[in-house]
Amino acid sequence: MASKTLGFRLPEETWKKLEAEAQSKGVSMTDLARQKVMLSTDFEGPVQALVDHYSSVLNISRHEVVEAILTDYVAMQEAHSDVWGPGKLILEEFTFTEQGVMRGQDLFDLRKAVHAQEFKREKVKMLLKEEKIIGRERMSKDDREWLNANLHLVHVPQDKTSPKKSVSQWMSKLRRQGTE
């Protein structure tokens, strides 16, 4: 692989921090600088805007933003493994097409749609629990309408404790949606 040289000056305070970090990680200053430059390259699509926005609003470096997001991601993956067991890891964020791994705006749009479906299902379940506690008539009009429009996203069990009117409304709506 061809390479080019990059040279620049750093404030002494920054140099000392990097030197201490390199020593603690057991790598050379050159290797540490290379790692940081490679991690700090521009991202594609809305990811770059988000990283820049968080960096500006929180008054922290882009590196710290990326590190926090990645830390959360790794923690989520470990929690998933703890709950589901090893070997059950599914990395949906790596989507391959004929052109290779999907990136940028296309990946963002795909992952956003997947997450939106997950969050809608969560909201439906939460609203169904609320309905069971307070009754549909006491729910806000917006919540009732949203629930009616999205109820098809989850299986609605029919049990003796469910309000009869609501279950029949759900089943009627599901039948109507199936014929449309």
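Biologist: How should I read the accessibility of Asn59, and does this residue count as buried or exposed?

Modeller: Keep in mind from the start that this is a predicted model. A residue counts as exposed when its relative accessible area is over 50%, so Asn59, at 68% relative accessibility, counts as exposed. Asn59 belongs to the loop between α3 and α4.

Biologist: What is notable about the phi of Asn59?

Modeller: The general idea is that most residues other than glycine have a negative phi. In this structure Asn59 takes a positive phi of about 55°, although it is not a glycine. Positive values also appear at two glycines, for Gly85, just after α4, has a phi of about 95°, and Gly135, just after α5, has one of about 90°.

Biologist: Turning to helix α3, is Ser55 buried or exposed, and which residues does it touch?

Modeller: Ser55 lies in helix α3, which covers residues 46–58. Buried means under 20% relative accessible area, and Ser55, with 15%, is therefore buried. Leaving aside residues up to four places away in sequence, Ser55 touches Ile60, Ser61, Arg62 and Val65. The side chain of Ser55 also reaches the backbone oxygen of Ile60, at 2.5 Å.

Biologist: How do I judge the span of a helix, and what should the 31 residues of α5 span?

Modeller: One compares the distance between the end C-alpha atoms with the span expected at 1.5 Å a residue. For α5, residues 104–134, the expected span is 45 Å and the end C-alpha atoms are 44 Å apart, so the two agree. Helix α4, residues 62–84, has 23 residues and reaches 33 Å from its first C-alpha to its last, close to the 33 Å expected.

Biologist: Which residues of these two helices are buried?

Modeller: An α-helix has 3.6 residues a turn, so residues three or four places apart point the same way. With that in mind, look at α5, where Gly104, Leu107, Arg111, Val124, Leu127, Leu128 and Glu131 are buried. In α4 the buried residues are Val65, Val66 and Gln77.

Biologist: Where does Phe96 lie, and how far is it from Leu107 in space?

Modeller: Phe96 lies in strand β1, residues 96–97, and at 63% relative accessibility it counts as exposed. Phe96 and Leu107 are eleven residues apart in sequence, and their C-alpha atoms are 10.0 Å apart in space.

Biologist: How are aromatic rings read, and how many aromatic pairs does the structure hold?

Modeller: A pair of aromatic rings is described by the distance of the centres and the angle of the planes. The structure holds zero such pairs. A ring can still have a charge over it, as with Trp146, where the charged end of Lys123 sits 4.3 Å from the centre of the ring.

Biologist: What does the secondary structure of the whole protein chain come to?

Modeller: It comes to seven helices and two strands, and the pattern along the sequence is α-α-α-α-β-β-α-α-α. Of the 180 residues of the protein chain, 19% count as buried. The protein chain exposes about 14,200 Å², of which carbon and sulfur atoms supply 57%. Among contacts between residues at least 6 apart in sequence, 31% join residues at least 24 apart.

How values were computed. Residues are numbered from 1 along each chain as its sequence is written. This is a predicted model: local features need pLDDT of at least 70, side-chain atom pairs count only at pLDDT 80 or more; totals for chains, interfaces and linings use all residues. Side-chain values use heavy atoms; hydrogens and water are left out. Helices (H or I, at least four residues) and strands (E, at least two) are DSSP runs, numbered from the N terminus. The expected span of a helix is 1.5 Å times one less than its number of residues. Buried means under 20% relative accessible area, exposed over 50%, partly exposed in between (1.4 Å probe, protein chains only). Rings of Phe, Tyr and Trp (its six-membered ring) pair if their centres lie within 6.5 Å; planes under 30 degrees apart count as stacked, over 60 as edge-to-face and the rest as tilted. A charge sits over a ring if NZ of Lys or CZ of Arg is within 6 Å of the ring centre and within 35 degrees of the ring normal. Contact means heavy atoms within 4.5 Å. Accessible areas come from the Shrake-Rupley method with a 1.4 Å probe; for residues, only the protein chains shown count as cover. A polar contact is a pair of N or O atoms within 3.5 Å; within protein, one must be able to donate a hydrogen and the other to accept it, and residues adjacent in sequence count only if both atoms are side-chain atoms.
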